[in-house]
Every structure is written in C-alpha cells, then in structure tokens.
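Visitor: Please take one part of this model and go through it closely. I would like to know what it pairs with and what lies across it.

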Amino acid sequence: MNTVFIAGHARLPSGMAAKSMYETLTITAEIDKKYSVIVAANCTLATEHGRDFIQRLLRGYSLQEGIDEPVQIIKEHYLGKAGNALASALKDLYKQYEGYVEHLES
C-alpha cells in the first residue's frame with residue numbers, strides 16, 4: 001500500500017449540530033507515503049456538504065510543505081462555527097504526520 005491514514009482531533013464549540021453527535025471534531029486524511037500529498041480527506045462535520053467541502057480544500061496538499069497554507073485556506077474559506085476546530089484538528093493531524101515521519105527516520 002502506498003498511503004497512510006492519519007487523524008487529527010479538536011474540541012467542537014457548543015451550539016453546533018455535530019456537537020450532539022461528537023464531542024470532538026476529527027479530520028482524517030489518506031496521505032501518499034512518497035510525496036506526503038493528501039489523496040483524500042474527511043471530517044466529522046454534520047453535513048455531507050461540509051465534509052465534501054473540506055475534502056476539496058485539502059486534497060492535493062503536500063504535508064512536506066508544512067501545514068500553514070491549508071490552515072489558512074480553511075480559515076479563509078470555511079466560515080462556519082467549526083472553523084477554529086477544523087484548523088486545530090488539521091494542526092493535530094500534521095503533528096501526527098510529523099511523528100510518523102520521525103518514526104520512519106529512526
């Protein structure tokens with residue numbers, strides 16, 4: 001298999017539809033092992049439209065270039081209550097990715 005599956009988590013703000021189903025928001029990504037490109041992504045937003053939107057925003061980014069640009073893209077283009085949680089979950093996902101890379105190098 002040429003991909004790895006990584007998840008990042010963050011707390012959801014109160015007053016959200018997804019909060020009734022989950023306490024945390026999760027972003028998952030399938031990442032190409034060779035180039036660290038996000039092949040597919042998903043999240044636990046309540047609507048399919050929201051999940052598809054996040055997928056389209058994140059697909060194609062290489063984590064080798066860091067996480068600042070995808071976080072900024074989410075902040076600029078996702079204007080719902082979960083914006084900060086999405087950014088935090090993405091940063092956590094990147095932290096998990098860094099741990100994966102360190103493990104490979106050791």
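Guide: Helices (H or I, at least four residues) and strands (E, at least two) are DSSP runs, numbered from the N terminus. The model is predicted, so local features need pLDDT of at least 70 and side-chain atom pairs count only at pLDDT 80 or more, while totals for chains, interfaces and linings use all residues. Residues are numbered from 1 along each chain as its sequence is written, and side-chain values use heavy atoms, with hydrogens and water left out.

The part to look at is strand 2, residues 24-32. Seven of its nine residues are buried (under 20% relative accessible area, with exposed over 50% and partly exposed in between; 1.4 Å probe, protein chains only). Strand 2 is therefore largely enclosed by the rest of the structure.

Strand 2 belongs to an open sheet of three strands in the order 1-2-3, with antiparallel pairing (two strands pair if DSSP finds at least two bridges between them). Strand 1 and strand 3 are the edge strands, each pairing on one side only. From one strand to the next, the twist averages 15° (axes are lines fitted to C-alpha atoms, for helices over the stretch in contact, and angles run from 0 to 180 degrees between N-to-C directions).

On one side, strand 2 runs antiparallel to strand 1 (residues 3-11), and nine bridges join the two. In one of these pairings, glycine 8 has isoleucine 27 of strand 2 as its bridge partner.

Strand 2 also pairs with strand 3 (residues 38-43), over five bridges in the antiparallel sense. Threonine 28 is partnered by asparagine 42 of strand 3, and isoleucine 31 by isoleucine 38, also in strand 3. Five residues separate strand 2 from strand 3 in a hairpin, and in its turn serine 36 has a positive phi of about 60°.

Two helices lie across strand 2. Helix 1 (residues 48-58) lies across strand 2 and strand 3, at about 155° to strand 3. Helix 3 (residues 83-105) lies across strand 1, strand 2 and strand 3, and runs at about 140° to strand 1.

Helix 1 includes glutamine 55, which counts as buried because its relative accessibility is 16%. Leaving aside residues up to four places away in sequence, glutamine 55 touches Ala40 and Ala41 (contact means heavy atoms within 4.5 Å).
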